[in-house]
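Grab a viewer and work through the exercises below. Try each task before you read its solution.

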Amino acid sequence: MRKALAMGAARGIHVTDPALEGADMPTTVRVLAAAARQEPFDLLLTGIDTSDGTGGAVAAWVAAQLGLPLLSAAASIEPHRETERVTVKRLSAKGYDVIEAPMPAVIACTQALGAPRYQSLKGIMAARSREIATRSLADVGADLVPTGGWATSVLAVDAPPARAAGRVVQQPAAEAAKTVADFLAERRII
């Protein structure tokens, strides 16, 4: 959070509680939405997915919980304060879609937004004095953890199988092409 503060964020909010250990995606969404309801905002920015669950649904779920429009796969964001609207250039199969919604809104951001702002020494020093509020579940809504346990749970985590040895084709071009085509056909790739 200090890094985000050094880049220009005004303050941070950290929701933590022992009851959240091992929380599933629905619980995470309820906690984020409850915390967001307590803060005034124009735009709520999220990532697309995470390195742990890779569900990719949190932004949409939070937007639904808050009753706000979701602008997904954002490659650029242009807020218009005078009209209280936001325009997003969104990645699509055919290039980009340009979409607009009223603010407040939830935006799921992609890496296409570019590199984050550089942290200046002044920003790093200022981040030390900016607030990071710590909130518990009771602070955001104690009924967020299901009494019957999580809706989903991780049953196993396995390392991927070891990579098989490669096969080198060293034949004249015509024979090599047939060998590669046969190899791909055996595996139903072509």
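Here are four exercises on strands, a helix and a few side chains.

Before you start, note that this is a predicted model: local features need pLDDT of at least 70, side-chain atom pairs count only at pLDDT 80 or more, and totals for chains, interfaces and linings use all residues. Residues are numbered from 1 along each chain as its sequence is written, and side-chain values use heavy atoms, with hydrogens and water left out.

**Exercise 1. Work out in what order the strands of the open sheet run, and which strands sit at its edges.**

Step 1: get the terms straight. Strands (E, at least two residues) and helices (H or I, at least four) are DSSP runs, numbered from the N terminus. Two strands pair if DSSP finds at least two bridges between them.

Step 2: trace the pairing. The open sheet has 5 strands in the order β2-β6-β3-β4-β5, with mixed pairing. Its edge strands are β2 (43–46) and β5 (95–102), each of which pairs on one side only.

Step 3: check the twist. On average, neighbouring strands here are turned by 35 degrees against each other, direction ignored; the axes behind that angle are lines fitted to C-alpha atoms, for helices over the stretch in contact, and angles run from 0 to 180 degrees between N-to-C directions.

**Exercise 2. Follow the chain from β3 through β4 to β5 and find how the strands are joined.**

Step 1: take β3 (residues 70–80) and β4 (residues 85–92). They run antiparallel and are joined by 6 bridges. A74 has R90 as its bridge partner, and E78 stands opposite T87.

Step 2: look at the turn. The β3–β4 hairpin has 4 residues between the strands, and E84 takes a positive phi near 55 degrees there.

Step 3: carry on to β5. β4 and β5 are antiparallel too, with 8 bridges, and V88 is partnered by I99. Their hairpin has 2 residues between the strands.

**Exercise 3. Decide where the buried residues of helix α3 point, and what they pack against.**

Step 1: list them. In α3 (residues 58–66), A59, V62, A63 and L66 are buried, where buried means under 20% relative accessible area, exposed over 50% and partly exposed in between (1.4 Å probe, protein chains only).

Step 2: check their directions. These residues lie on the same side of α3, because they cover an arc of only 100 degrees around the axis; the arc is that of the directions from the helix axis to the C-beta atoms. As background, an α-helix has 3.6 residues a turn, so residues three or four places apart point the same way.

Step 3: find the partners. The buried residues pack against α2 (25–37), β2, β3 and β6 (105–109), with contact meaning heavy atoms within 4.5 Å. Just after α3, G67 takes a positive phi of about 70 degrees.

**Exercise 4. Are H80 and P102 buried or partly exposed, and what does each touch?**

Step 1: start with H80 in β3. With a relative accessible area of 18%, H80 is buried. Leaving aside neighbours within four places in sequence, H80 contacts R85, V86, T87 and M103.

Step 2: move to P102 in β5. P102 counts as partly exposed, at 40% relative accessibility. Not counting residues up to four places away in sequence, P102 touches P69, E84 and R85.

Step 3: compare sequence with space. P102 and R85 are 17 residues apart in sequence, yet 4.2 Å apart C-alpha to C-alpha.
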